[in-house]
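Subject: Structure for you to look at

Hi,

Here is the structure I said I would pass on. Have a look when you get a minute, and my notes are underneath.

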Amino acid sequence: MKKVLLSIVFIISCLACSNAQKTEFSKTTFEKKLIAQDSTQTTFKEIIKNHKGKVVVMEIWASWCSDCVKAMPKFKELQAKYTDASYVFISMDKSYDKWLAGIDKHELKGDHYWVTDGMKGEFGKSIDLDWIPRYIIIDKDGKIATYRAVETDFEEMSATIKKIL
């Protein structure tokens, strides 16, 4: 019985660690290439570098994702409230055309990038992506303030942005 209990505690500990708050992106994540709206490739590191000195609120989404679409009004409220932050959208859409159509359809304001290999691809794995929408907040120094937020976490996200702006 003692061994079973210890095994359960160990498994729970491992799961808790896998969802732990990260403060920096891995070298692997920084090296991943994404596609910009103008069809050019850029690395994730360049995307972050382009917003140096700003708070960055990142949404990982897809036009086919019903939870993403349901969360958009709340996300737009966040954008309206914190206009000094930069907003970056990273799409997990299956095609370039559907991604661009989704940006237009939902009138998303910010910088937009597309991951060509989807949620289960290399970029998704490098950021421990298991659900969308997923939000990441980065402080002015480029450190991760919030690594894993979902569509029900807008109050916590708002508090974090307010604190680090």
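Below is what I found, going through one helix, one hairpin and then the aromatic rings.

Before you dig in, keep in mind that this is a predicted model.

I'd start with helix α5, which covers residues 96-106. Trp-99, Gly-102, Ile-103 and His-106 are buried there. Looking down the axis of α5, the buried residues fall within an arc of 100 degrees, so they line one face of the helix. What do they pack against? The buried residues of α5 pack against four strands and a helix: β1 (33-36), β3 (56-61), β4 (86-91) and β5 (111-114), plus α4 (66-81). Over on the other side of α5 you'll find Asp-97, Asp-104 and Lys-105, which are exposed. Just past the end of α5, Glu-107 has a positive phi of about 50 degrees.

Next, the hairpin. Strands β6 (residues 134-138) and β7 (residues 144-149) run antiparallel and are joined by three bridges. Tyr-135 sits opposite Ala-149 of β7. Five residues lie between the two strands, and Gly-142 in this hairpin takes a positive phi near 85 degrees.

Tyr-135 also turns up among the aromatics: together with Phe-75, Tyr-87, Phe-89 and Phe-154, Tyr-135 forms one aromatic cluster. The count of aromatic pairs comes to 11.

Two rings have a charge over them as well. Arg-134 lies over the face of Tyr-147, 4.7 Å from the ring centre. The charged end of Lys-94 sits over the Trp-64 ring, at 4.8 Å from its centre.

Cheers

Methods. Residues are numbered from 1 along each chain as its sequence is written. This is a predicted model: local features need pLDDT of at least 70, side-chain atom pairs count only at pLDDT 80 or more; totals for chains, interfaces and linings use all residues. Side-chain values use heavy atoms; hydrogens and water are left out. Rings of Phe, Tyr and Trp (its six-membered ring) pair if their centres lie within 6.5 Å; planes under 30 degrees apart count as stacked, over 60 as edge-to-face and the rest as tilted. A charge sits over a ring if NZ of Lys or CZ of Arg is within 6 Å of the ring centre and within 35 degrees of the ring normal. Two strands pair if DSSP finds at least two bridges between them. Buried means under 20% relative accessible area, exposed over 50%, partly exposed in between (1.4 Å probe, protein chains only). The arc is that of the directions from the helix axis to the C-beta atoms. Contact means heavy atoms within 4.5 Å.
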